[in-house]
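This report describes the domains, sheet, helix pairs and chain contact of one structural model.

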Amino acid sequence: MVALWPAAFACGCSGNQSALAPYGAPAIHVEHLIVGIVALCTLIWVAVMLVLGLALWRKRQQGETEIQQRRLAVVVTASVAATAVLIAGMTVASFYTTRSIGLPQRASIAITVRAQQWWWQVFYASSAATPGFQTANEIHIPVGQDVHVRLESADVIHSFWVPSLAGKQDLVPGRSNSLLLRAEKPGVYRGQCAEFCGLQHGHMAVMVIAEAPADYARWTAAQSADAIPLVAPDAAAGRIAFLAKPCAACHTIRGTTATGNTGPDLTHVGSRQTIAAGLVETTRGSLAAWIADPQTLKPGNNMPMVPLTSVELQNISAYMESLK
Amino acid sequence: MTRSAEDGLRDTALSDRELKRALASTWSAQPGLWEALSTVDHKVIGRRYIATAFVFLALGGVLSLLMRLQLAQPEARFIGPDRYNQIFTMHGSNMMFLFAVPVMQAMAVYLVPLMVGTRNIAFPRLNAFSYWIYVAGGLLLWIAFIVDTGPDVGWFAYVPLSGPQYGAGKRADIWAQMITFTELSALAVAVEIVVTVFKQRAPGMSLDRIPLFVWSMLVTSFLVILAMPAIMIASTSLILDRLVGTHFFNPAEGGDVLLWQHLFWFFGHPEVYIIFLPAVGMVSTIVATFTGRPVFGYLAMVMALVATGVLAFGLWVHHMFVAGLPRLGESFFTASSMAIAVPAGLQIFCWLATIWAGKPIFKTPFLFVMASW
């Protein structure tokens, strides 16, 4: 068993969703605290085990003397005092960690995340370069910059947790919380709702994509633009079907007459890596499967099954895929 | 003891033989099913309580196996999300409210009167009542689960997920009613233990002579008396929100969803020590017995139990560190949560000293204690 431990730890540390594989300043502070406290406590545990072993199997003399009693009392008292000192040290360490992952005075970028059963609505405020825009389940941030994330909930309590980048913070209805998000290295970091929120809590993932500042600027410029005009005939037909069917009542596609706001904004849905909060990769096939029967892929979610002919389904899927 | 000394203590004119017969007829169990069900003997009720708690433990274990089967591979289709949510809610609620707390209190119902030298627990009929109301709570929960109406909001039942708007059907109501039953039972037993320890100790057994297990159950009982009302207030407010339409937890009408978390964890954290303290009491008793010497530092051990009990009420906010409370308050609760390691460490060091000074006998109970380190 013991021999397997390092292997188990190695597995736990890899991947893009682990507090033990930190790539952002807040997550790195937290990881140092975790490793430090675990290491210290392991040392203490080993010491206690050694004393226990000695106590169990030491050679014993006849009878217990006054002196022995007094010596034991001294040792026990000293150990309790040492415990108190170590505990105080760990408390101070924890205090400094909490302070260092707190919000900075000013962050260069502000994002609002509004959680819903069971997806993440993301708002980017307008800046000098771009007007504000909305996206879903995917957050882009520039590497090496502090990002202030405002956290709100539309229904029940959710929790925003991207362990490789930052701490965990709840999204509480009736309140507004904040979190510092920061990545030091480009990459895709997966997050997951961390407060049980109902039927599809398990399928409520969020992707944080950290990229070089230039790439980030390109992305915001593309996202803040309206949906691009279409050339392909099937996508154009899909657009007509989308606007004629109930789809437009719940979804917004900027640049069209679709302005519903119950479901995710689909203006650039084709540019996102996944659909349905990390459920499946975005392809024309997965889009078609999702539109055809959302309740089988993610039972209980708020998207109804809209009756479509197979041609309509194909066209709408093509249209969705084209919305880069 | 000689006859003459005994005579001095007697308060009856009956002869020895008649007295024995009278006592036997008063205290012996009557035959028959009705007598068995209506007994108020703490030993019978204690055994029954322990056995019932272990039945719930086994059922809870089956639930966890079902969960592990579903999780054995990603996106498995073994259990649907609705049933799965019921299963993990049942597992948590079952283990906390129908096993862990009751089994510890059951041990006390059986052992405490014997350890303080009294024939029965205080308020024996209340004791019987507490057992039956506990069974009622357990049956309510499990029957609801069998007919697919089991609670599905987690054993912590956070609002608004468990509230009227998002918790459809009767599921959260069943959960809240089970809480009322089992907490009533826990409160009744706690009162019995406190009164038994304070009022029914054998002559000459002062408080500084009672076994450490009895001390641990005394502290635990005070924790129950102080913590359980919070969860009963919470579950009653939840039922009112759901059935009457009050707005305790509705932010749109001036309620607060974090109020639920404060009330729940003001109970929920002491609950941890309601389970932990009886166990350390058992360890103290077992270590003393199987090393052939009294526990080292009896007074220090008692102080550690009391300190843990007091600190237990200053920790609840560490369950809400991600809820967005002020940082300064969180730092206070971090410090108090860490501080509980001091009395816990003290107990470990006293056990070590006991083993050091004593002569360990490697029998099963002692081996279990050693394995727990």
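## Domains of chain A

The C-alpha centres of domain 1 of chain A and domain 2 of chain A are 35 Å apart. The model is a predicted one, in which local features need pLDDT of at least 70, side-chain atom pairs count only at pLDDT 80 or more, and totals for chains, interfaces and linings use all residues. Residues are numbered from 1 along each chain as its sequence is written, while chains are lettered from A and ligands numbered from 1 in the order in which they are written.

Domain 1 of chain A covers 9–224 and domain 2 covers 233–322; such bounds come from an automatic or database domain assignment. The contact between them takes 18 residues from domain 1 of chain A and 15 residues from domain 2 of chain A, where two residues are in contact if their C-beta atoms, placed from the backbone, lie within 7 Å. On the domain 1 side, β2 (119–124), β3 (133–136) and β10 (205–211) of chain A are the elements that give two or more residues. Helices (H or I, at least four residues) and strands (E, at least two) are DSSP runs, numbered from the N terminus. The side of domain 1 that touches domain 2 in chain A has 9 nonpolar, 8 polar and 1 charged residues. In this classification Ala, Val, Leu, Ile, Met, Phe, Trp, Tyr, Cys and Pro count as nonpolar, Asp, Glu, Lys and Arg as charged, and the others, Gly among them, as polar.

## The sheet of chain A

An open sheet of 5 strands in chain A has the order β3-β2-β1-β5-β8, with mixed pairing. Two strands pair if DSSP finds at least two bridges between them. β3 and β8 (177–181) of chain A are the edge strands, each pairing on one side only. From one strand to the next the twist averages 25°. Three of the pairings are set out below.

| Strands | Sense | Bridges | Facing residues |
|---|---|---|---|
| β1(A) and β2(A) | antiparallel | 6 bridges | I111(A) opposite Y124(A) |
| β1(A) and β5(A) | parallel | 7 bridges | T112(A) opposite R150(A) |
| β5(A) and β8(A) | antiparallel | 5 bridges | V149(A) opposite L179(A) |

β1(A) and β2(A) also form a hairpin, with 2 residues between them. W118(A) is in the loop between β1 (109–116) and β2 of chain A, and the peptide bond from Q117(A) to W118(A) is cis, with omega near 0°.

## Helix pairs

In chain A, the axes of α2 (residues 25–57) and α3 (residues 66–100) come within 9 Å and cross at roughly 170°. That makes α2(A) roughly antiparallel to α3(A). Axes are lines fitted to C-alpha atoms, for helices over the stretch in contact, and angles run from 0 to 180 degrees between N-to-C directions. Angles under 35 degrees count as roughly parallel, over 145 as roughly antiparallel, 65 to 115 as roughly perpendicular and the rest as oblique. H29(A), V30(A), L33(A), G36(A), I37(A) and L40(A) of α2(A) meet L86(A), M90(A), A93(A), S94(A), T97(A) and S100(A) of α3(A). This contact of α2(A) with α3(A) has 7 nonpolar, 5 polar and no charged residues.

In chain B, helix α6 (residues 124–146) and helix α7 (residues 171–199) have axes that come within 8 Å and cross at roughly 160°. α6(B) is therefore roughly antiparallel to α7(B). Their crossing is left-handed, a term for a near helix turned anticlockwise from the far one by less than a right angle, with clockwise being right-handed. Residues of α6(B) in the contact include F129(B), I133(B) and L140(B), and those of α7(B) include F181(B), L184(B) and E192(B). By class, the contact of α6(B) with α7(B) holds 14 nonpolar, 6 polar and 1 charged residues. The loop between α6 and α7 of chain B contains P160(B), which is joined to V159(B) by a cis peptide bond with omega of about 0°.

## Contact between the chains

How many residues does the contact take from chain B and from chain A? Chain B gives 39 residues and chain A gives 41 residues. On the chain B side, α5 (81–116), α9 (257–291), α11 (327–339) and α12 (341–357) each supply at least two residues. α12(B) gives the most to this side, with 12 residues. The chain B side divides into 27 nonpolar, 8 polar and 4 charged residues.
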